[in-house]
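Open the model in a viewer and set it to cartoon display. The stops below say what to select and what is there.

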Amino acid sequence: MLLRLSIVLALASLSPPTDAGRTGRTDFESRCLSFEPETLVVNSKLMRLAYVAKGTALELADNDASCNRDSQLVAANICRIALYIETSKRSDITFELWLPEAWTEARYISTGNGGVDGCVKYEDLAYTTANGFAAMGTNNGHNGTTGVPFLNNPDVVEDFSYRALHTGTTAGKLLTSRFYKKPPAHSYYIGCSLGGRMGVKAAEAFPGDYDGIVAGCPAVDFLHLQGERAMFYTITGPAGAPNFVRPELWTGLIHDEVLRQCDLIDGVQDGIIEVPDKCHFNPEALQCPTRAKCLNSQQVLQLKTIYATYKYPDGSLIFPRMNPGNEQQAVNRLLAGRPFSYSQDWFRYVVLNDSTWDPINYNSSLAALADAQNPFNIRTFPNSLPAFKARGGKMISYHGGQDNQITMFNTERFWDHMAEEDRDLHDYYRFFRISGMFHCNAGPGAWAFGQGGGAPAAGIPFEPETNVLAAIVAWVEEGKAPETLTGTKFVNDTVALGVDFRRNHCLYPRTQTYVGGNHRQASSWKCV
């Protein structure tokens with residue numbers, strides 16, 4: 001907490017900036033290049049200070065290669081600030097703040113990360129600055145997509161758990177206030193997956209940081225989630241094992257059978273399982289000799305375990321069951337016949353501090369151990385957010401019904417868990433199930449709704465009915481709580497090819513129900 005206190009003291013002690021020595025610097029570029037952020041944020045070093053014009057393809061040559069972000073198209077005139085900020089004697093964060101020239105609404109936003117990684121989501125910085133936000137992101141305390149830096153360094157784990165985001169937010173607000181000579185009128189957060197967990201944790205631990213939070217597909221109950229992810233490899237075995245279910249069986253035979261059993265439950269055969277709760281896939285229909293292409297008895301047993309709720313030996317819950325219909329994407333990670341990298345790294349470098357640990361030896365006792373350790377309360381499964389609610393904070397979550405990394409049933413469970421404590425939960429926290437969406441984006445459903453900087457989600461107009469970021473802004477600033485969230489499916493997921501169809505996704509626990517007519521028309525569905 002030393003750094004946070006130091007930044008706060010710096011904000012309190014520094015006198016308002018003057019124009020001394022800046023005679024003639026009246027345009028945005030001059031103001032940017034004469035700014036001195038490192039003098040405002042203690043324990044920091046300047047890495048970048050640059051004016052970047054709209055339309056520039058920003059080269060990110062020094063970005064860790066595993067982040068797979070070599071460049072980023074910038075969609076607004078911005079002042080780019082990059083700092084190195086120490087968080088302890090043996091940990092630090094890389095901090096990026098993009099300040100747009102057109103800051104007309106005085107909005108600030110922080111962006112989240114994913115996996116167990118330390119990758120700044122530059123696409124989200126570009127997306128939010130294009131919509132007028134001053135935008136901040138950090139590397140979450142380490143560079144790259146692995147958890148290796150966690151090994152024997154709890155300071156880095158602390159950054160990852162909460163400190164990087166909060167430190168970056170505190171510094172980001174300070175610099176934004178000084179650069180524009182006025183504080184942000186409203187502060188927001190957007191993230192998905194791990195980034196969704198980060199948003200919930202911020203509301204829990206630092207309720208004053210944000211007025212509005214978009215927490216997509218949140219990785220809440222984080223430690224049990226890592227156990228569930230680790231479990232799949234022990235069931236499938238490595239690729240090439242005697243009863244290994246090959247990828248083409250998952251993407252063809254099994255996925256097709258899931259749709260055969262469940263696609264028509266909603267009344268429409270369209271490749272979308274509209275309400276996954278009603279789908280209870282029975283893999284015995286695929287057991288030999290039922291058909292020419294089939295599964296042996298051991299493979300059927302694997303599937304029964306994979307699609308089942310994950311429990312401890314005493315029957316208590318570890319994690320909800322996998323989303324049926326996710327097979328075509330899950331085969332690339334959870335069902336690929338290799339360890340799921342995020343869970344492998346968490347158990348190796350945090351739980352066990354043993355870089356030689358073999359993930360095939362995972363069992364549920366390790367899920368219990370991880371949950372008992374709960375470093376820096378990373379679990380993130382509050383039953384209430386009283387301080388966030390009391391200050392008027394608002395939060396929106398969304399989750400794809402065919403998510404291939406984190407089951408949507410866990411977000412349902414989390415919202416229900418919160419609703420048990422607060423019968424008026426909808427007053428400040430709303431959740432939307434997105435039918436036919438994979439993890440955070442993509443899928444056969446109407447999945448694009450402005451949830452981040454990836455195409456085509458970033459191509460959605462900034463309007464509350466169709467854009468989740470605009471929806472949280474309207475809720476915070478105008479009191480307009482969203483009742484539905486309209487998703488768009490573009491032809492071949494390409495904005496330039498036009499709209500394929502739209503769907504009004506329902507406020508949970510309402511259920512999407514087909515009422516007749518052309519199922520590609522949003523009016524043919526009703527939230528019940």
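Start with two helices in this predicted model: select H6, residues 222–236, and H8, residues 297–306, whose axes come within 10 Å and cross at roughly 170 degrees. An angle over 145 degrees counts as roughly antiparallel, so H6 is roughly antiparallel to H8.

Now show side chains where the two helices meet. On the H6 side, select Phe232, Ile235 and Thr236; on the H8 side, select Gln302, Thr305 and Ile306. Coloured by class, this contact of H6 with H8 has three nonpolar and three polar residues, and no charged ones.

Next, hide the helices and turn to the strands. Which strands form the open sheet, and in what order? Nine strands take part, running S1-S4-S5-S7-S6-S8-S9-S12-S13 across the sheet, with mixed pairing. Stepping from one strand to the next, the twist averages 15 degrees.

Select the two edges: S1, residues 44–52, and S13, residues 429–434. Each of these strands has a single partner, so one side of S1 and one side of S13 have no neighbour in the sheet.

Move to the pair S9 and S12 by selecting residues 212–216 and 394–400. These strands run parallel and are joined by three bridges. Within the pair, pick Val214 and look opposite, to Ile396 in S12.

For the last stop, bring one helix back: H13, residues 408–421. H13 lies across S12 and S13, and runs at about 155 degrees to S13. Keep S12 on display here, as the strand that both pairs with S9 and lies under the contact with H13.

Methods. Residues numbered from 1 in each chain as written. Predicted model: local features only at pLDDT ≥ 70, side-chain atom pairs only at ≥ 80, totals over all residues. Heavy atoms only, no water. Axes fitted to C-alpha atoms, helices over the stretch in contact; angles between N-to-C directions. Helix = DSSP H or I, 4+ residues; strand = E, 2+ residues; numbered from the N terminus. Parallel < 35°, antiparallel > 145°, perpendicular 65-115°, else oblique. Contact = heavy atoms within 4.5 Å. Nonpolar A, V, L, I, M, F, W, Y, C, P; charged D, E, K, R; others polar. Pairing = 2+ DSSP bridges.
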